Amino acid sequence: MPTSLPTENRTHESLAELLHRVFGHREFRAHQREVCEAATAGRDVLLVMPTGAGKSLCYQLPTLARGGAGSRGTGLVISPLIALMDDQATKLSALGCRVARVHSGLSREAARQACRDYLAGELDFLFIAPERMRVPGFPEMLAKRKPALVAIDEAHCISAWGHDFRPDYRTLGQYLPMLRPAPIVALTATATPTVQKDIAAQLELQEPAVFITGFRRNNLAVEAVELSKPQRAEFAAKLLMDASARPAIVYAASRKDAEEIAGRLGKHFPAAAYHAGLMPEVRERVQTAFLSGKLDVVVATVAFGMGVDKADVRTVVHVALPGSVEAYYQEIGRAGRDGEMSRTVLLYSYADRRTQEFFLEKNYPAVSDLERVAMVLGEEPVDIETLQRALGKKGVAMERETLERAVEKLHGVGVAEVDFAGVVRAGDGRRGLATWKSGYDAQVSARRSQIDSMMAYAEGHQCRMVALVRHFGDASDRQGPCGHCDVCKPGGAGQEGHAPDESERRELRRILKGLEGRGQSLGKLFTELQITSDRKRFDALIDGLARAGLVSIANDTFTNPEGKEITYRKATITFEGREPDDATLATVWIRGDAARGLSVTKSSKKTAKKSVVERALTKEDEELEARLRKWRSDLAKKNGAPAFTVFADSTMRTIVLERPRSMEELFRLKGLGPAKVEKFGAEILAICRGEEASATVRETITKASPREAVQRSFPSTEAVRPKEKEAPIAVELNDAQLALEEKLKAWRKEEAAKTGLPSFFVLSDTVLRAIAAAAPETIEGLKSVRGVGPEKVDKFGAAVVGICRGRRSAGIVRGWA
């Protein structure tokens, strides 16, 4: 074993000299000097610095500078992972430091010898697992000889709001006072401002020097690709086929996924799975092969990476959405530690959100389960098996995994105490038994918000690196665009796209014009502008504008009449988006289907509807299109609805090109479902024949054969197609009814303003017109109006009836608001 470093003159040696003599570095990395100076001077420190930026030196160098072995004490390092401890201990030993470890992977005699060496002052560093502080007498043993410095690595594990909360870490704060006056250095690569404050509070740091810095990684090209789960393994294989993209780490959501994807990749290059379900010797073999270069790719769950120092990882691929931005940043940070350009690609879809919510529910049992476990806990300590039997005697069957999770959560909120051997008893209430439920609910809520933040990041439109820097509150960064990510440099990661053509530039200008002077929900903007009937295409235009910085997209919420909070996406024009010229619009990148990069095209997918090959319109075609457009416009005006609700422009063009002659031919056209064929089919066919369409014709057809024309030709239609909503009934109003409609609209506007809802959430224009036509003077009469459901009657009935009676009492309106 290496001998201890000489201690003579160490207090007179500058940090720079010690850095060179012990660690072999002539210069500090960015921000390291300031952190080391603060800790060496005896100040508590909170350091949030990304993976690979040199955090470890920020406690190792101050420990040696403050005296080390034979002088003022040993550096005590509390770390949650054995792999992390072993890696750091090995490196320090290789530098000539005397190092010992105490964790479950070592024998009892090895742990005892480590304690004897610590008390004898023969160690430079002692690494311990956090659960050791729960071993009776162990904290008191450490206090007999005060350490030179206490380093708490992965400090985010302390916080219930962090992405990797561990109850054993939460209790560390109660043991630290007995180790003073040693400075406390809390280090983590992933802590949001909320977690940063919680770490400082839980550890009771004394006027700490806080360093939140270095989160920008200039050598990482960060990309996100929306892609369905079945396509991701093929995408990863294609991405990593190029030898320059390897070595690589692929992160999967489950052990099963890791095994399957590793098997698929292994057909092309050396690859293996790594997860907690493998035997320890298998995991060790995989890790060693990857570090030595014998293995090109590791497909892993989150069990892999911490404590693994491989500098030349060229690519990190996530084939599933991580549970938090913090976990995601930590994982992509394992790429490019050698400073060379590297790539990270996140593959995701909305379905990943449901997967993360499943994991959340699995990891956080229901409050009722926690209550049942808490009820059977007593002062006498019991093991998990005994606790499970006690629950069974009370008629509560609980799976072992659920029980262990429940005990872990109760321990975290102070209701249960768990000793080093895993024995459980009732907690002493230090954190307040009366409030544990609210604390637990807050933890679950925090986890949900982390999923929300991760999803928002994946769908985001700003520079990926800037978004990460802001997430962690790195105030030292200038927050300029990185120039490498899929936002700054679109077209990567197999995502096809193009700069807008002249037609698309006109559409982009219309969107920007529609946003002048106001923010707008994307759904309402799509409805109002009617640029296209294809919502995906509209979203692609919005996405391009947002990525070019011409609009900003944010989530907003409103509360619906039932009291439920609804989240929606809202677009706002930026300063740059006002009056853009062609050169500005040329910076917009309109993304196509990401799957096309994998030779999976929409044209390969079978569709039940008939597609029409475009051709130039003849004069007769143009005349037919004009007649259809006029008929559609007249019908829409009568219904008080936009024209596209009858059918879209693309459907109208299809009708013109095909000129259907029967209900069967009409139904086979794309864009017309059974309900619309039933309602409008006779009129459309009449127009195609050159005849006049009328409501009388429609009513005659409908009364004579409701759905019969469709069902005779397609008897199974209703079984395989969802029923479409009926189109609004056209209502003509007389002068008195029009006046009543105006009064109802004025009331609706006030009601919407009071509740902060859009007007149509109170009552739609169509329903309002139907009420004006019926002028109901009783609640029963209002109930008979089509479109006014029971909830609307309960909420607005008295006000509406009062207006219809001509008694628009302010009190009545308020009483039903």
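Biologist: What is the relative accessible area of His-31?

Modeller: His-31 has a relative accessible area of 29%, so it is partly exposed. Buried means under 20% relative accessible area, exposed means over 50%, and partly exposed is in between, with a 1.4 Å probe and protein chains only. This is a predicted model, in which local features need pLDDT of at least 70 and side-chain atom pairs count only at pLDDT 80 or more, while totals for chains, interfaces and linings use all residues. Residues are numbered from 1 along each chain as its sequence is written, and side-chain values use heavy atoms, leaving out hydrogens and water.

Biologist: Where does His-31 sit, and what is its phi?

Modeller: His-31 is in the loop between helix 1 (15–23) and helix 2 (32–40). Its phi is positive, about 75°, although His-31 is not a glycine. Helices and strands here are DSSP runs numbered from the N terminus: H or I with at least four residues for a helix, E with at least two for a strand.

Biologist: What about Glu-204, buried or exposed?

Modeller: Glu-204 counts as exposed, because its relative accessibility is 52%. Glu-204 also has a positive phi, about 55°, without being a glycine. The residue lies in the loop between helix 8 (193–202) and strand 7.

Biologist: Switching to prolines. Which peptide bond into Pro-181 is cis?

Modeller: The one from Arg-180 to Pro-181 is cis, with omega near 15°. Pro-181 is in the loop between helix 7 (167–170) and strand 6 (184–188). The bond from Arg-246 to Pro-247 is cis too, with omega near 5°, and Pro-247 sits in the loop between helix 9 (232–240) and strand 9 (248–251).

Biologist: How many aromatic pairs does the structure hold?

Modeller: Nine. Rings of Phe, Tyr and Trp (its six-membered ring) pair if their centres lie within 6.5 Å; planes under 30 degrees apart count as stacked, over 60 as edge-to-face and the rest as tilted. One of the pairs is Phe-215 with Tyr-329, which is tilted, at 5.4 Å centre to centre and 45° between the planes. That pair links distant parts of the chain, 114 residues apart: Phe-215 is in the loop between strand 7 (209–212) and strand 8 (220–226), and Tyr-329 is in helix 12 (residues 325–332).

Biologist: Are those two rings buried or exposed?

Modeller: Phe-215 counts as buried because its relative accessibility is 0%. Tyr-329 is buried as well, at 3%. Phe-215 also pairs with Phe-472, in a stacked arrangement with 4.6 Å between centres and 10° between planes. Phe-472 lies in the loop between helix 18 (464–471) and strand 16 (497–498), so this pair ties together parts 257 residues apart in sequence. Phe-472 is buried, as is Phe-215. Phe-215, Tyr-329 and Phe-472 form one aromatic cluster.

Biologist: How many residues of helix 18 are buried?

Modeller: Six of its eight. They are Arg-464, Met-465, Val-466, Ala-467, Leu-468 and Val-469. The cover over them includes strand 8, helix 12, helix 17 (436–458) and helix 21 (535–547), going by contacts, where contact means heavy atoms within 4.5 Å. Just after helix 18, Gly-473 has a positive phi of about 70°.

Biologist: Which ring does Arg-464 lie over?

Modeller: The ring of Tyr-457, at 5.4 Å from its centre. A charge sits over a ring if NZ of Lys or CZ of Arg is within 6 Å of the ring centre and within 35 degrees of the ring normal. The charged end of Lys-310 sits over Phe-290 in this way, 5.2 Å from the ring centre.

Biologist: Different topic: at what angle do helix 14 and helix 16 cross?

Modeller: The axes of helix 14 (residues 367–376) and helix 16 (residues 400–412) cross at roughly 80° and come within 9 Å. Axes are lines fitted to C-alpha atoms, for helices over the stretch in contact, with angles from 0 to 180 degrees between N-to-C directions. The two helices are therefore roughly perpendicular; that label covers 65 to 115 degrees, with under 35 roughly parallel, over 145 roughly antiparallel and the rest oblique.

Biologist: Which residues meet there?

Modeller: Asp-369, Leu-370, Val-373 and Ala-374 from helix 14 meet Thr-402, Leu-403, Ala-406, Val-407, Lys-409 and Leu-410 from helix 16.
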